[in-house]
Amino acid sequence: MPSWADGAERPRGVLVLLCNWEPYKAFQNLIRSGRALPPGFVPLTLPCSGRLDPALALAGLERGAEGIIVFGCREGACRHGPGPASAREEVERLEKLLDILGLGRERLRKVELGGEEADRLLAEARAFAGRLEELGSSPLARKEGSSRERSLG
Amino acid sequence: MNGPLAELLDRYRIRLCLDCGKCTGSCPLARVERDFSPRLLTRRIIQEGLGSDYVREMVWACSTCGLCNERCPSGVDFSGFVRALRPVYRDLEVGGRLSHGGALQTLMRLQADPGLSQNRLAWLEPGLKTSDQGEVLFFSGCLAYLQVFFAEFNLDLTGIGRAVVKILNRLGIEPVLLAGERCCGHDLYYAGDEETFSALRRLNLEAIRGSGAKTVVTACAECAHVLKNLYPEPGSPLGFQVFHLSQFLVEAGLGGGTGPRPGATFQDPCRLARYQRIWEAPRRLLETRVELKEMAHFGPAAWCCGSPAWLGCDRYVKRVQLERLKEARETGGRMIVTACPKCQIHLACAMRDPGPKPAREMELIDLACLIAGDE
């Protein structure tokens, strides 16, 4: 895990939100096979992708995330039922908020994933890292941490 | 007692409390049986100081609606005092419970970042005339964000912005709109975050002054209160005048509507009626457009929407809102007109409450939208 302490050489941070069921299984499979998420990707689990909340995503951006990638289960594979539909609704809301903020919806990516798809998990994360590289630094992440809200512990 | 608390007790005249209890008797929260009492809070903080468990909790429960101040025969500024205690408690890491997980406050703090380049005016439509420089500026507020955030309520919040531009155009005014406008900072100020509030204030003042505007109009009671009452600092005059839309239109001599006059009641926003002493102007505009039916509490005595700073919404706040809707329904009107997007959002939320359903059938509309509908 990279150090997020305030400093000039702040590594690029990407918030990775993993549903605790299929996507987390894929993540465990990835780790077990000796591989890792790209540098600076910080994984956090959610009880369900349906629990994606604007408060959490926005807090990530405030603490320096350049982007957020959400991995949820596919429709029909959700342990709780309405998770994927609820996640899509929240992603749509967040995309619009990111557009108004001027950060751009490209900084948010939502992927539906099965537990056996460790390769795809990694490929999606790498593709997202590449996309963020093209976009350049987020105006929020660019400068050094200036308040206690900004700097992911 | 000395230090910052003693200074606050003096500044807000807390020691002048006569113990009469008019504040608690009129407080909406106390009326819905919340264990909340302005009178008790003032006594506890004098006796026990900042460490009082009661004060630590209740300082965040108060909606700062200001009805207690209105009633106090001794001139105690209770809501001002509660507001001033919040940064003190925030420094002690005793925070309030932010509604919606704090997402709205985060959106506001993000707007304090000078590097941000927002797209907050996408709601403007072709045909609406605006300018980049000019005499009159329309400070549109957080409409774009709120529209998206509360999409499920199906409210036309960005429509308030379009309505204001339309009305101003009718008066021959092409208002300045600022792409670089930020949140006014109201909710952060009332949540005790004075540092971010100052940053927002600085950015907004720079942008407004840069436009050359001498008159700033808002359709939001909170923006108007903040710009008018909280932005000026000693030795730093604003350089422009701030008007709530209702006040601006009455002074501009806007005529009345000519259409039918449906029965309607007016929800006085606390930040408009009590914080700015404006309750006549919206009524002047309403009386020619609707058959105005007042609620039991109106004008400076009105009950507020329950949660003016996205802070501490709970079952008591919900009861305050449901009581308010009950008063609205009892007027027999079919519309509730508001002059603050937050009133509209909160009353819309209460209408969806799964409990008793007072006034669900009533239409909620902003004053600007009502006026823009004139032909």
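These notebook entries record what I looked up in a predicted model of two protein chains, A and B.

**Entry 1. The interface**

I began with the place where the two chains meet. The contact involves 19 residues of chain A and 25 residues of chain B. The size of an interface is often given as the accessible area lost when the parts come together. Here chain A and chain B bury about 1,900 Å² between them, and 60% of that area is on carbon and sulfur atoms.

I then looked for charged pairs across the contact and found 2 salt bridges between chain A and chain B. In one of them, the side chains of Glu62(A) and Arg109(B) meet with an N to O distance of 2.6 Å. I also noted 5 residue pairs in polar contact between chain A and chain B.

Next I asked which elements of chain A build its side of the contact. Helices α2 (54-62) and α3 (83-101) of chain A each supply at least two residues. The most comes from α3(A), with 6 residues. Sorted by class, the side of chain A that touches chain B has 10 nonpolar, 1 polar and 8 charged residues.

**Entry 2. The nonpolar cores**

I looked up the largest nonpolar core and found that it has 156 residues. Phe81(B) and Leu85(B) have the most contacts inside this core. I listed the partners of Phe81(B), leaving aside neighbours within four places in sequence: Leu5(B), Leu8(B), Leu9(B), Tyr12(B), Ile14(B), Leu41(B) and Ile45(B). Another core, of 19 residues, lies apart from the largest one; among its members are Leu18(A), Val111(A), Ala118(A) and Leu121(A).

**Entry 3. Buried places in chain B**

I examined helix α18 (residues 341-351) of chain B and found 10 of its 11 residues buried. Among the buried residues of α18(B) are Lys342(B), His346(B) and Leu347(B).

Leu347(B) appeared again when I turned to Arg324(B), since recorded here as one of the residues that Arg324(B) touches. Arg324(B) lies in helix α17 (residues 315-330) of chain B. Is Arg324(B) buried or exposed? Its relative accessibility is 1%, so Arg324(B) counts as buried. Beyond four places in sequence, its contacts also include Phe266(B), Asp268(B), Met295(B) and Trp303(B).

Met58(B) lies in helix α5 (residues 53-58) of chain B. Met58(B) counts as buried because its relative accessibility is 2%. Leaving aside neighbours within four places, Met58(B) is in contact with Arg34(B), Asp35(B), Phe36(B) and Leu41(B). I noted Leu41(B) among the contacts of Phe81(B) as well.

**Entry 4. Two positive phi angles**

Most residues other than glycine have a negative phi, and most peptide bonds are trans. I therefore recorded Arg13(B), a residue other than glycine whose phi is positive, near 60 degrees. Arg13(B) is in the loop between α1 (4-11) and α2 (22-26) of chain B, and its relative accessibility of 39% makes it partly exposed.

Thr64(B) also has a positive phi, near 55 degrees. Thr64(B) lies in the loop between α5 and α6 (67-71) of chain B. With a relative accessible area of 1%, Thr64(B) is buried.

**Entry 5. Salt bridges within the chains**

Over all chains the count comes to 40 salt bridges. In chain A, I looked up Arg105(A) and Glu95(A), whose closest N and O atoms are 3.2 Å apart. Arg105(A) is in the loop between α3 and β4 and Glu95(A) in helix α3, so the pair ties together parts that are 10 residues apart in sequence. Arg105(A) is partly exposed, at 34% relative accessibility.

In chain B, Arg39(B) and Asp19(B) form a salt bridge of 3.2 Å, N to O. This pair links helix α4 (residues 38-48) of chain B, which holds Arg39(B), to the loop between α1 and α2, which holds Asp19(B). Arg39(B) is partly exposed at 24%, and Asp19(B) is partly exposed at 35%.

I also recorded a salt bridge of 2.5 Å, N to O, between Arg283(B) and Glu294(B). Arg283(B) is in helix α16 (residues 280-286) of chain B, while Glu294(B) is in the loop between β5 (291-292) and α17. Arg283(B) is buried at 8% relative accessibility, whereas Glu294(B) is partly exposed at 28%.

Note on methods: Residues numbered from 1 in each chain as written. Chains lettered and ligands numbered in written order. Predicted model: local features only at pLDDT ≥ 70, side-chain atom pairs only at ≥ 80, totals over all residues. Heavy atoms only, no water. Contact = heavy atoms within 4.5 Å. Buried area = accessible area lost by both parts, 1.4 Å probe. Salt bridge = Lys/Arg side-chain N within 4 Å of Asp/Glu carboxyl O. Polar contact = N/O pair within 3.5 Å; in protein donor to acceptor, adjacent residues only side chain to side chain. Helix = DSSP H or I, 4+ residues; strand = E, 2+ residues; numbered from the N terminus. Nonpolar A, V, L, I, M, F, W, Y, C, P; charged D, E, K, R; others polar. Core = buried A, V, L, I, M, F, W, Y, C linked by side-chain atoms within 4.5 Å. Buried < 20%, exposed > 50% of the residue type's maximum accessible area, 1.4 Å probe, protein only.
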